[in-house]
Structure formats: structure tokens, C-alpha cells
Amino acid sequence: MYIDDNKYNITAVGNAVNDNLKQLGHITLKFTGDEETSLPGTLFLEKKKIVPPHNGTIIKIIRN
């Protein structure tokens, strides 16, 4: 995942993330590095300094 030009590796994906993005248009991001999740609407990312979003920030999720 990218927040502007800052890359964050995805470590775990809750089982409702795709549905929530399609139906609700939002998900929760956790920067904890967890590799397993019991939170269905949460995308887990590597534990790394979080770059605060600002007006105009671009967030991209890219599948390899």
C-alpha cells in the first residue's frame, strides 16, 4: 500500500476488507505488523512510521 510515495507492506487482510471497500467505501488501517487478524474490516500494515495524510493525499493498494 502507498500513502503518497511512502510504501507500507501489507501483513494481514481481514476477511471483510474487500466487501467493505466495495459496499461501504472504507476500511480500517492498523500499522502494527500483525500477521493474523480477527478484525474482519481491517487491513494490517508493517509497523513503520506513519506519514499523516493531508488534503490531496493519494492512497493506493497494489496487488503483486
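Here are a few questions and answers on the strands and a surface patch of this predicted model.

Me: Let's start with the sheet that has mixed pairing: what is its strand order?
Reply: It's an open sheet built from three strands. Its edge strands are S3 (10–13) and S4 (28–30), and each pairs on one side only. Put together, the order reads S3-S5-S4.

Me: And how much are neighbouring strands of this sheet turned against each other on average?
Reply: Here the direction is ignored. On that basis, the average turn between neighbours is 25°.

Me: Which residue in S5 does Ala-12 stand opposite?
Reply: S3 pairs with strand S5 (residues 42–45) in the antiparallel sense, over three bridges. Across from Ala-12 in S5 you'll find Phe-44.

Me: Now the sheet with the order S2-S1-S6: why is one side of S2 and of S6 left without a neighbour in the sheet?
Reply: This one is an open sheet too, with antiparallel pairing. Strand S2 (6–7) and S6 each have a single partner strand, so one side of each lacks a neighbour; the reason is that both stand at the edges.

Me: Which residue in S6 stands opposite Ile-3?
Reply: Strand S1 (residues 2–3) and S6 are antiparallel partners, joined over two bridges. S6 covers residues 59–60. The residue facing Ile-3 is Ile-59.

Me: What is the area of the nonpolar surface patch that Ile-59 helps make?
Reply: Ile-59 is found in strand S6. The patch also takes in Ile-10, Val-13, Leu-21 and Ile-61. Its area comes to about 410 Å².

Key: Residues numbered from 1 in each chain as written. Predicted model: local features only at pLDDT ≥ 70, side-chain atom pairs only at ≥ 80, totals over all residues. Heavy atoms only, no water. Pairing = 2+ DSSP bridges. Helix = DSSP H or I, 4+ residues; strand = E, 2+ residues; numbered from the N terminus. Axes fitted to C-alpha atoms, helices over the stretch in contact; angles between N-to-C directions. Patch = residues over 30% accessible without salt bridge, like charges linked within 9 Å, V, L, I, M, F, W, Y side chains within 5 Å. Areas by Shrake-Rupley, 256 points an atom, 1.4 Å probe, with all protein chains shown as cover. Salt bridge = Lys/Arg side-chain N within 4 Å of Asp/Glu carboxyl O.
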